[in-house]
Amino acid sequence: MSTSQVVADYIKMFLDFFSNNSIVIFFIIFIFFFRDSLSNVFSRLISLAVSYGDAKGELKTTESINSQPANKERYQYQVELDNISGKQEKINKNEEKCKSEEECKSEGDFFLRLNNSFDEKDKNKANEILNEFLKNENDENEKASFNGYYLYLLYTKGNDNSAIETLRRLLEENKNESSKKILIFWLSECYESSKNYYELEKLLKKAIDESHGKVENTSYIINLSKFYRMDSRYEDALNLLENHIKTVETPEEKSEIYNEISEVEYGKGNHEMSAFALEKAIEYSPDNRVLLFNAAYSQGNSRFSHLAAVNYDTLIDLQPNHEIALNNLGATAQGFGLPYKSIEYYKKAVDKGETLAMANLASLYLRAGFLDEARKLVKSAKEYDNPHENILNAVTEINSISENEASRWKEILKEGSVYRNLIRQYTSAYFDEGVKRKNFDGTWQDASNVQVKIQDVNNELSAEWHSDENNNKFTISLSGTIRNNSAIIEYKKQRVDHEEKEISKDSWGYTGYTGNENHACLAYISGDGNNLIIFAKDINVKFSLILHRTTQL
């Protein structure tokens, strides 16, 4: 594996840890192992070009969890290490490790000293640092953290295989759940380093069995899923997560699980469902800024721009100075054909120093827009005696464009919010979140009380019925695939008398409208099992159908 790929994999791992606020000790290791490469890597930001007709906007990401293919991700274990080393707050990604033992010692940086000693191949010094730390530390979690870190370095840098046996023994003897969690982390790191995947899977399965019903169980399950993803065992990962999500109760755990489900679906190549799963993660953790950004970025790249707009907008409400989100909102508005609104967001990002927004703005200027510039010209013209009569027309046009785009943007956010609620319900039904499988079989009826008989054979759904509309007869059919309490459906509506000369008018009064429809739809059964909600997958297609169950469940 190339150095650049390793660095990219570690960056992704770092971002995953950061989203859970539990990375102090790992952050230190990451910085020291890759300090030479990081100065170059962090100076470059990943950007993605998105074209909209003749215009082009650049979506930028520094936070997307799906920026790397999931099967190339280095395995990494989530562990709570928030209170391990408050002394390390001054360390940031641009700092290098201490130059000397004296400097490290004077600042009390035990982790840095320990790492230095192994770099210098001085095991005796490392052992002295370990004993010094354990002698002066009373917190059991910090002792477990430092012990685990020491043994990990001894195994990987010190080439001492006995270290892994010591870690196993410490884990077996430890009765404290938090400390055990930390030791499992370091033991799993050792197994991953030696590519001992058999022991790695066995370790996590044992941890899951022993922590059943406890909060720790979720993090163990998530990390077993990460291992399965690394091994391209996506169905194993999905089954593990789906079975577990039915048992958890806290919003935090559900958010973490859906976040991991998103990664699994992404690894399978199902980017659409990955974006939907992130939306569910947000539902359970609505103020998680990293999740909001990741979901919006993923949704924007999966052609769900309405959802992206809503989540970026929420993120800006929570964090007004998020320059990347401001830039991406500009690109999203540009995609909707709203040049003034996109310029508005680009300018806000430019004010925060976002250079990609500067490039996007310059590109728009070249293709026209110039609304604010037009205002300045109008204002200057009014200061002259007898300005040209077209100035008044320009003022009217400026105000009209501004008002129309503001109104359309408001409507986009409203449509996105409605669609988001449908997607969240559909995603819950898709992953069977704590709800028993409902029967699609049976008799239903639409809003006009027309009877609809649905057949469910081997998870294949089908139905056909007839409808009269404005003296026109139609045959309507549903066909699709069922998954848990959801379905992907094709809706067809065909005029029976389509060869007659008289052609219907549509709802706007235009002739030439046959009334035929064909829509790719998503569907789910409501929690009480009494309603089947069907809606167009494409938010721009204004179609929905609700069927009410008439037969008893």
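In the predicted model, Trp409 touches Ala309, Leu329, Ala333, Phe336, Leu338, Lys341 and Tyr345, leaving out residues up to four places away in sequence. Trp409 and Leu114 are the residues with the most contacts inside the largest nonpolar core, a set of 97 residues. Helix H7 supplies the largest share of this core, nine residues. A second core, separate from it, comprises 22 residues, among them Ile454, Ala463, Trp465 and Cys521. In soluble globular proteins, nonpolar side chains tend to be buried together.

The protein as a whole contains 21 helices and 10 strands. Of its 553 residues, 51% are buried. Among contacts with a separation of 6 or more, 58% join residues 24 or more positions apart. The exposed area amounts to about 26900 Å², of which carbon and sulfur atoms supply 47%.

Confidence varies along the chain. The average pLDDT is 77, and 69% of the residues score at least 70. For residues 10-55 the pLDDT is below 50, although this stretch has 110 contacts in the model beyond near neighbours in sequence. Residues 63-99 likewise have a pLDDT below 50, with 133 contacts in the model beyond near neighbours in sequence. Where pLDDT is low, the predicted coordinates should not be read in detail.

Helix H5, formed by residues 110-119, is largely enclosed by the rest of the structure, because nine of its 10 residues are buried. The buried residues of H5 are Phe110, Phe111, Leu112, Arg113, Leu114, Asn115, Asn116, Ser117 and Phe118. Just after H5, Lys121 adopts a positive phi of about 60 degrees.

Several residues of H5 recur in the surroundings of Tyr150, which is placed in helix H7. Tyr150 has a relative accessible area of 10% and is therefore buried, the cut-off being under 20%. Apart from neighbours within four places in sequence, Tyr150 is in contact with Leu114, Phe118, Ala126, Asn127 and Leu130; Leu114 and Phe118 are among the buried residues of H5. The C-alpha atom of Tyr150 lies 8.9 Å from that of Phe111, and the two residues are 39 residues apart along the chain.

Helix H8 (residues 162-173) has a different pattern of burial, with Ala163, Ile164, Leu167 and Leu171 as its buried residues. Viewed down the axis of H8, these residues fall within an arc of 100 degrees and therefore line one face of the helix. An α-helix has 3.6 residues a turn, so residues three or four places apart point the same way. The cover over the buried residues of H8 includes helix H7 (140-156), helix H9 (177-193) and helix H10 (197-210). The length of H8 was also examined: at 1.5 Å a residue, its 12 residues should span 16 Å, which agrees with the 17 Å between its end C-alpha atoms.

Positive phi values also occur in two loops. Asn159, in the loop between H7 and H8, has a positive phi of about 55 degrees although it is not a glycine. Arg303, in the loop between helix H15 (289-301) and helix H16 (305-318), has a positive phi near 70 degrees and is likewise not a glycine. Most residues other than glycine have a negative phi. Asn159 is exposed, with a relative accessible area of 65%, and Arg303 is exposed as well, with a relative accessible area of 71%.

How values were computed
Residues are numbered from 1 along each chain as its sequence is written. This is a predicted model: local features need pLDDT of at least 70, side-chain atom pairs count only at pLDDT 80 or more; totals for chains, interfaces and linings use all residues. Side-chain values use heavy atoms; hydrogens and water are left out. Helices (H or I, at least four residues) and strands (E, at least two) are DSSP runs, numbered from the N terminus. Buried means under 20% relative accessible area, exposed over 50%, partly exposed in between (1.4 Å probe, protein chains only). Contact means heavy atoms within 4.5 Å. Accessible areas come from the Shrake-Rupley method with a 1.4 Å probe; for residues, only the protein chains shown count as cover. The expected span of a helix is 1.5 Å times one less than its number of residues. The arc is that of the directions from the helix axis to the C-beta atoms. pLDDT is the predictor's confidence in each residue, from 0 to 100. A nonpolar core is a set of buried Ala, Val, Leu, Ile, Met, Phe, Trp, Tyr and Cys residues joined through side-chain atoms within 4.5 Å.
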